Amino acid sequence: MITSHNLRFSYSPQKTFQFPDINCGDKETLLILGQSGKGKTTLLHLLALLLRPESGEVSVGGRSISHMEAEQIALIRAKSIGIIYQRAHFVSALSVIDNLLLSNFLAEKPQDRKKAIFLANELGFAEHLNKKTAQLSQGEQQRVSIARALMNEPNVILADEPTSNLDDINCQRVIELLKMQSALIGASLVVVTHDQRLKDEFSNQVIL
Amino acid sequence: MNLFKISIANIKEKKLNSFLSALLLALGIGMISLLLLLNQQLDEQFRKNIKGIDMVVGAKGSPLQLILSSIYQIDAPTGNVPLAEVDALRKNPFVKTVIPLSMGDNYQGFRILGTTPKYIEHYKVKVAEGHVYNASMEVTLGSKVARVSGLKIGDTFASSHGLDGAGDVHGDRKYKVTGIFQPSGSVVDQLILTRLSSIWDIHDHEKPTTEKHEDHAGEHAGGEPDEDGKDVTSALIQFRNPMGLMTIPWQINQNTSMQAALPSIEINRLFSLLGVGIETLRAIAIIIITIAGISVFVSLYNSLKERKYEMALMLSLGATRTFLFLMLLIEGLFLAVIGFLSGIILSRVGLWFFSKAAEQDFHYTLGRFALLPEEIYLLFAALAVGAIAAALPSAGIYRLNISRTLAEE
């Protein structure tokens, strides 16, 4: 579960964002739609605890994080939030499976090789596990980054424009997988996008 | 998955950069290590054979040449001196021992040295097989001579004139092997020892050929020596106390046909001549190591720019900045260790080639490949270069803005 209240952030006095409250319970999905420049990525980074809000409150799994130390926040992000970025990025020197295990390792959790193989089968890239990530197509890379977000069974999955670089077929497939996998582990799924193709896929929507 | 695995994967990912950095380090370290090895082993060889010999007397000429030929057996002798003059030194109260040497022939490039039993005593060599020669034309072989030539006790051989294995063969008189010495690590290993009288005997029978030998006169007891007028090539002298050093060399140089050379002074002179070259090489090696450090730095700095997103990603996945710093540090240190190890191997290969050459030309073996204590410092120096080269670009990690970096693409 993830909620936010009265979030405000400014890069400069002229460029200030005031965000509507977000509320997404366990197993629920939420689509945040907005045009470029509306602060979509800023909001996602606030929810992902990558940025500290100027004012307002974010709580993850019922715990408010506004008064926490930076290290505690980093650990909560690592363990309870899975983030999928617009363009999939990896540690290029490592193989696909090592990139998956990396998220276990960095969150200080046991490295679950079986789970990585299971997710690879579920998301359809099992034959690429020992390749370098750069050898995969964009659709495949995006599916690997979904798997990486799921590796720690997070409480919240945040996706930033997960489909904007994908064609219609891959777009459909990725969003189905996202919804299915987050439901399977009982996480909240928040998708931030300007992609109008996703409008009909989500019942809960917030327009920026 | 662990810190090491990520660092090693990063090194493998940019093979050429890593190779270049490690290669430069290996070259620099290899050069310094080779210099250390050569310096140590030459020094050891030179000092070991010099031990206990306070002065060398021989025919007038270059004192360094006299030392090299009489102690190390690597240069041509300066000429001959009458045995009577050498023996006169025994009467001097400051002189403890006089070891006359006579040379001029070789067998397969190994010098045949006529001397007295004092020489064997001085180098403390023991007989491994057979017994020490005790008649004219009997010889005892140094361990290396026996090994290389394959001569056994009871074998006979004819010597060749000269010192380098290319002279005429003295076919009419043959030497007989009566014993073989144990390896001692000293100059004796590469010598064939015999009585002084053997050298005289073999050349007494060669009167008809002495004219031919005139160009080698320095190496040879030429003329027509009779019993009293024997010549020797040189003599090793030990003093009873350091007072001898003050007066005797001066007396010899002034009052006799001989010259006196002091090994310690001549060898220090030789080393100071070599020293200039060694210093230059050392400076070049240090420059190469510095360039290697810069190469590691540039390589890590560039990869840090390329991997900025990766770093931000790892931070967002829960990595600490210290973790990323350690990751770069391990990359730098790993390259340093690889460079160090290859450098050490390189220097050993270099030493091996050098040793081959030295063995062929001078019969000296420089075969000590063990790690020197100085090379431990070299390891620390390499690690320092790696650590500094890694630490400098790592400052960027602590300034990295995760959110902005991730939002940029």
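Here is a short chat about helix packing, nonpolar cores and an unusual backbone angle in this predicted model.

Mentor: Local features here need pLDDT of at least 70, side-chain atom pairs count only at pLDDT 80 or more, and totals for chains, interfaces and linings use all residues. Residues are numbered from 1 along each chain as its sequence is written, chains are lettered from A, and side-chain values use heavy atoms, leaving out hydrogens and water.

Trainee: Why is α2(B) called oblique to α11(B)?

Mentor: Helix α2 (residues 15-50) and helix α11 (residues 321-362) of chain B pack at about 45°, with axes 6 Å apart. Under 35 degrees is roughly parallel, over 145 roughly antiparallel, 65 to 115 roughly perpendicular, and the rest is oblique. So α2(B) is oblique to α11(B).

Trainee: What makes up the contact of α2(B) with α11(B)?

Mentor: Its residues divide into 16 nonpolar, 10 polar and one charged.

Trainee: Which helix gives the most to the largest nonpolar core?

Mentor: That's α11(B), with seven residues. A nonpolar core is a set of buried Ala, Val, Leu, Ile, Met, Phe, Trp, Tyr and Cys residues joined through side-chain atoms within 4.5 Å. This one has 100 residues, and A:I32 and B:L324 are among those touching the most other members.

Trainee: How do you know whether A:K27 is buried or exposed?

Mentor: Buried means under 20% relative accessible area, exposed over 50%, partly exposed in between (1.4 Å probe, protein chains only). A:K27 has 60%, so it's exposed. A:K27 sits in the loop between β3 (22-24) and β4 (29-33) of chain A.

Trainee: What is odd about the phi of A:K27?

Mentor: It's positive, about 65°, although A:K27 is not a glycine. Most residues other than glycine have a negative phi.

Key: Axes are lines fitted to C-alpha atoms, for helices over the stretch in contact, and angles run from 0 to 180 degrees between N-to-C directions. Helices (H or I, at least four residues) and strands (E, at least two) are DSSP runs, numbered from the N terminus. Ala, Val, Leu, Ile, Met, Phe, Trp, Tyr, Cys and Pro count as nonpolar, Asp, Glu, Lys and Arg as charged, and the others, Gly among them, as polar.
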